[in-house]
Amino acid sequence: MSQQAMWMSFRTLTQDQSVKDQKLKPGTVKRIARYALPYKRSLILFLITVVIDAMLVVSTPLLLKRLVDEGVIPGNSSLVTQLALLVGVIAVADALVNMVGRWFSARIGEGLIFDLRTQVFRHIQKQSIAFFTRTQTGALISRINSDVIGAQQAFTMTLSGVVSNLLSLVLVIGTMLILSWQITIVSLLLVPAFLLPTKWVGRKLQRLTRDSFNLNAEMSATMTERFNVSGALLVSLYGDPKEEGSYFSTRARKVADIGISIALLNRIFFIALTSIAAVATAFAYGVGGHLTINKEITLGTLLAITALLARLYGPLTALSNVRVDVMTALVSFERVFEVLDLTPMVRDKADAKPISFGPLTISFNKVKFSYPRAEEISLASLESVAKPETIQSGEILKGISFDVPAGTLTALVGSSGAGKTTISALLPRLYDVTDGGISINGLDIRDLEVQSLRDAIGIVTQDAHMFHDSIATNLRYAKADATEAEMENACRSAQIWDLISSLPNGFDTVVGERGHRLSGGEKQRLAIARLLLKAPRIVVLDEATAHLDSENEALVQQALASALKDRTSIVIAHRLSTIRAADQILVLDDGLIKERGRHDELLALNGIYADLYQRQSFTV
């Protein structure tokens, strides 16, 4: 039995048989075929190597027949030498054909993986923020890794396995029937005895493999949650180390036990294959021996048939479950297509325009907004908890209107849930409004190119994200070609240069996951430096100083003075003392603007703003 046939047989046994009953969407196969078009030539050459390899399977036993019947028995040493050399040449040729086939297989497979991964990655990046608020990160990564690899196997392992096994089976059985129909019939009668134990082992392996995948997924999720900085901090402060260790070791032990069972069944499977093949060979020798004694077949024929028997049962096993192999690959493709077919909620119009040059004025006109429903933004298969939601978000903004003239600062204040952060998300089109409109210089932002709009806007949140990389890399994320001089100027304006210059590695210092090696104030000032490098014309600050101590807040406020200078700005403020100089202050409550004006005017109203300001002044 060939190594490939053995592997295909085992691979089929570990796959979920229920996949064969799944229904594919119409047009899936035709869509898959389009991915093969760029590799059409390589695919044809690959299949040619598969066909040649299958033909070589039967050539060696036939040469063995001639070697015995026409060389050894008559004593023709010259022919023996020639045929022995020819067998060696065929072996070398087979190795070369396999090598060439593997090269084409790798070229096709890796090319498809590259095409699918890059396409899925780019498509996911186009999704709205709403998509990421619901989607489980691990499920997305699985689509890019596991499902993409499963899809490429449709063109390499599955296709080659089906063609190779089918051709080998036809050639082997056809050759055996020509050589001796009696021995062939006896050998085929043993097929049920061969396949039934294989099916039993297969069901066991499928269950164990599924359990192993689930437990490994649980372990991965546990490690992901515990090994990030926030998770490690929570475990350190609240967790019980013994309980954590016991929780993990219990699952690790189950994985180990399953691994032992799979290894044992694996060995049973291969022993069963070889044992039944050996029994079949014994029958062949028994029946063939008598036929040889009676001069009905030659000794060379007997040896050729027994050699062919070793190449019979592997392809039979693989082909008995070929539908599982094919459907597994097709379902992987369909799962990838499921992501690619998810239309981004926020996208460019066909005639979208770039944002205009110069100062920018923002206008909100009767804006209403409700957060989208789950089925509008995500896929149930990409969520950790795929249950229908009975409670919707309701209307967050209820028809608000205001203008932010170019170069002015507008502050948004109000209680939690009033709609302040929602406004900051609508401006760069992280979401689209439900009703009404937002315009910049009189042009609705839905008529602008999304990237052009976002290039003009810089945002700093209360928990600015940093990649686990160097300070320079995090800064250059805003401007890829920024020079060290430009980064230094931005850091000086952001009041963070003194810290960076004091570090042994300077800009090459790694900030840690989510920037946890920096203090809150340092991270905020670095985020402001990143914003200054971007040099946006619109600045949005979402409670950028909410969680800072007074010393850090003072430094961040100095940095913000540079960031806001001559820019159109919207500031969401938690501490009202930081927005007293705002050109206008909007007081939001329950999705509506209840008060608007300057600091002194709002205090004079003695309303919501005055009450908030007095309470903060009292607590301070």
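Let's start with Ile113, which is buried, with a relative accessible area of 7%. You'll find Ile113 in helix α4, the helix covering residues 77-125. Keep in mind as we go that this is a predicted model. What does Ile113 touch, once we set aside residues up to four places away in sequence? The answer is Val148, Ile149 and Gln152. For Gln152 we also have a backbone distance: its C-alpha lies 6.3 Å from that of Ile113, with the two positions 39 residues apart in sequence.

Let me zoom out for a moment. The protein chain has 620 residues, and 45% of them are buried. The chain holds 24 helices and 10 strands. If we take the contacts with a separation of 6 or more, 81% of them join residues 24 or more positions apart. On the outside, the accessible surface comes to about 31600 Å², and carbon and sulfur atoms account for 59% of that.

Now to a piece of that surface, in helix α3. Ile52 sits in this helix, which runs over residues 40-72. Buried or exposed? Ile52 counts as partly exposed, because its relative accessibility is 34% and that class lies between 20% and 50%. Together with Ile44, Leu45 and Ile48, Ile52 makes a nonpolar surface patch of about 310 Å².

Stay on helix α3 and move along to Asp69 and Lys65. Their side chains meet in a salt bridge, at 3.6 Å from N to O. Why does this spacing look familiar? The two residues are 4 apart in helix α3, so about one helical turn separates Asp69 and Lys65. The partners fall on either side of the 20% line: Asp69 counts as buried at 17% relative accessibility, whereas Lys65 is partly exposed at 22%.

How many salt bridges does a search of the whole structure find? It finds 13. Let me show you two others. Lys479 pairs with Glu486, and their closest N and O atoms are 2.8 Å apart. Here both ends are partly exposed, with Lys479 at 27% relative accessibility and Glu486 at 29%. Then there is Asp444 with Arg446, where the closest N and O atoms are 3.0 Å apart. Arg446 is partly exposed too, at 24% relative accessibility.

Please hold on to that last pair, as we meet both residues again inside the protein. Rolling a probe the size of a water molecule over the atoms shows where empty space is left. In this model the count is 2 cavities of 30 Å³ or more, and the largest has about 40 Å³ of space. Which residues line the largest cavity? Asp444 and Arg446 are among them, along with Ile445. The rest of the lining is made by Leu426, Arg429, Tyr431, Asp432, Val433, Gly437 and Ile438.

That stretch of chain brings us to a backbone detail. Asn441 is placed in the loop between β4 (435-440) and β5 (443-444). Most residues other than glycine have a negative phi. Asn441, however, has a positive phi, near 55°. Asn441 is partly exposed, with a relative accessible area of 36%.

There's another one of these to look at. Gln495 is not a glycine either, and its phi is positive at about 60°. Where is Gln495 placed? Its place is the loop between α19 (484-493) and α20 (497-502). Gln495 is partly exposed, with 30% relative accessible area.

My last stop is Arg596, in strand β10, residues 592-597. Arg596 has a relative accessible area of 43%, which makes it partly exposed. Leaving out residues up to four places away in sequence, Arg596 touches Ser401, Phe402, Ile585, Leu586 and Leu602. Its C-alpha atom is also 10.0 Å from that of Thr410, and those two residues are 186 apart along the chain.

So, if you have the model open, here are three places to visit. Go to Ile113 in helix α4 and look at its contacts with Val148, Ile149 and Gln152. Then try Asp444 and Arg446, which form a salt bridge and help line the largest cavity. Finish at Arg596 in strand β10. Thanks, everyone!

Terms used: Residues are numbered from 1 along each chain as its sequence is written. This is a predicted model: local features need pLDDT of at least 70, side-chain atom pairs count only at pLDDT 80 or more; totals for chains, interfaces and linings use all residues. Side-chain values use heavy atoms; hydrogens and water are left out. Patches are made of residues with over 30% relative accessible area and no salt bridge: like charges are joined within 9 Å, nonpolar side chains (Val, Leu, Ile, Met, Phe, Trp, Tyr) within 5 Å. Accessible areas come from the Shrake-Rupley method with a 1.4 Å probe; for residues, only the protein chains shown count as cover. A salt bridge is a side-chain nitrogen of Lys or Arg within 4 Å of a carboxyl oxygen of Asp or Glu. Buried means under 20% relative accessible area, exposed over 50%, partly exposed in between (1.4 Å probe, protein chains only). Contact means heavy atoms within 4.5 Å. On a 1 Å grid over the protein atoms alone, a cavity is a set of points where a 1.4 Å probe fits but cannot get out, and a pocket is an open set with protein on both sides within 12 Å along at least five of seven lines; lining residues have an atom within 4 Å of a point. Grid points are joined across faces, edges and corners, and a volume is the space filled by probe spheres set on the points.
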